[in-house]
Amino acid sequence: MLRLQRTDATDKDFIALVSLLDAELTVRDGDDHDFYHQFNAIDGYNYCMVGYQDEQAAGCGAIKPFDQSTVEIKRMYTHQSFRGRGIAIAILAALEAWAKELNYSYCILETGINQPEAIALYQKCGYERIPNFGQYANIENSFCFRKKLIS
């Protein structure tokens, strides 16, 4: 059974999962990893989620305020041994619900061309591709998405 736990960036399970995410992205992104990594420090993240499958940390994600109406989805990851079970969808839905509780209207996110599973997940969950924002504006390997949160 999947159990979702709200936490923050000091949570040991969240930190461990993010470490696995970074290791995977180092391989997937290759030479581009250092550019992306600079934007993914978790210090100060107050809205993090860890998903537990049979009490094992199976996946994570976070939301970070972007502006007054928007949060950015960050650090989404599902441990390889738990993929294909809907954990990422559940975590994403829980993060969206949390964002709505905090009175945000939109979620945005960035993922990369080397993460086709992530792109498919976000499209399946109703995210629409938008022009690249912020530091990703002129980065061809970045794909940015947005979703309006329905009240």
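1. Starting with the strands: β3 and β4 run antiparallel and pair over seven bridges. They make a hairpin, with two residues between them. To place yourself in the register, look at Lys 64, whose bridge partner in β4 is Glu 72. Keep in mind throughout that this is a predicted model.

2. On the β2 side, β3 is joined to β2 by seven bridges, again in the antiparallel sense. Cys 48 is a handy marker here, standing opposite Ala 62 in β3. This hairpin has two residues between its strands, and Asp 54 takes a positive phi near 50 degrees. That's a backbone angle to look at if you're going through the torsions of β2 and β3.

3. Just before that turn, have a look at Gln 53, which lies in strand β2. Its relative accessible area is 12%, so with the cut-off at 20% Gln 53 counts as buried. What is Gln 53 in contact with, leaving aside its neighbours within four places in sequence? The list is Met 1, Leu 2, Ala 58, Phe 82, Arg 85 and Ile 87.

4. Now the charged pairs. How many salt bridges does the structure hold? Seven. One of them joins Glu 55 to Arg 3, with the closest N and O atoms 2.9 Å apart. Glu 55 sits in the loop between β2 (47-53) and β3, while Arg 3 belongs to strand β1 (residues 2-7), so this pair ties together parts that are 52 residues apart in sequence. Glu 55 has 57% relative accessibility and counts as exposed, whereas Arg 3, with a relative accessible area of 31%, is partly exposed.

5. The Asp 22 and Arg 75 side chains also meet in a salt bridge, at 2.2 Å from N to O. This one links distant parts of the chain, as Asp 22 is in helix α1 (residues 12-29) and Arg 75 is in strand β4, 53 residues away. Are these two buried or exposed? Both Asp 22 and Arg 75 are buried. If you're setting up charges, the pair of Lys 74 and Glu 72 belongs on the list as well: their side chains form a salt bridge at 3.7 Å, N to O, and both residues are buried.

6. On to the packing. The largest nonpolar core has 27 residues, and the members touching the most others are Ile 73, Met 76, Leu 95, Tyr 122 and Tyr 127. Which elements give two or more residues to this core? They are β3 (56-67), β4 (70-78), α3 (87-101), β5 (106-112), α4 (116-124) and β7 (142-148). The largest share, eight residues, comes from α3.

7. Tyr 122 is a good residue to centre the view on. Neighbours within four places in sequence aside, Tyr 122 is in contact with Ile 73, Met 76, Leu 92, Leu 109, Thr 111 and Tyr 127. Apart from this core lies another, of 14 residues, including Val 18, Leu 21, Tyr 52 and Ala 62.

8. Last, β7. This strand is mostly covered, with five of its seven residues buried. Seven bridges join β7 to β5, the two running antiparallel, and Ile 108 stands opposite Arg 146 in β7. Strand β6 (residues 128-130) is also antiparallel to β7, through three bridges. There, Arg 129 has Phe 145 of β7 as its bridge partner.

Methods:
Residues are numbered from 1 along each chain as its sequence is written. This is a predicted model: local features need pLDDT of at least 70, side-chain atom pairs count only at pLDDT 80 or more; totals for chains, interfaces and linings use all residues. Side-chain values use heavy atoms; hydrogens and water are left out. A nonpolar core is a set of buried Ala, Val, Leu, Ile, Met, Phe, Trp, Tyr and Cys residues joined through side-chain atoms within 4.5 Å. Buried means under 20% relative accessible area, exposed over 50%, partly exposed in between (1.4 Å probe, protein chains only). Helices (H or I, at least four residues) and strands (E, at least two) are DSSP runs, numbered from the N terminus. Contact means heavy atoms within 4.5 Å. Two strands pair if DSSP finds at least two bridges between them. A salt bridge is a side-chain nitrogen of Lys or Arg within 4 Å of a carboxyl oxygen of Asp or Glu.
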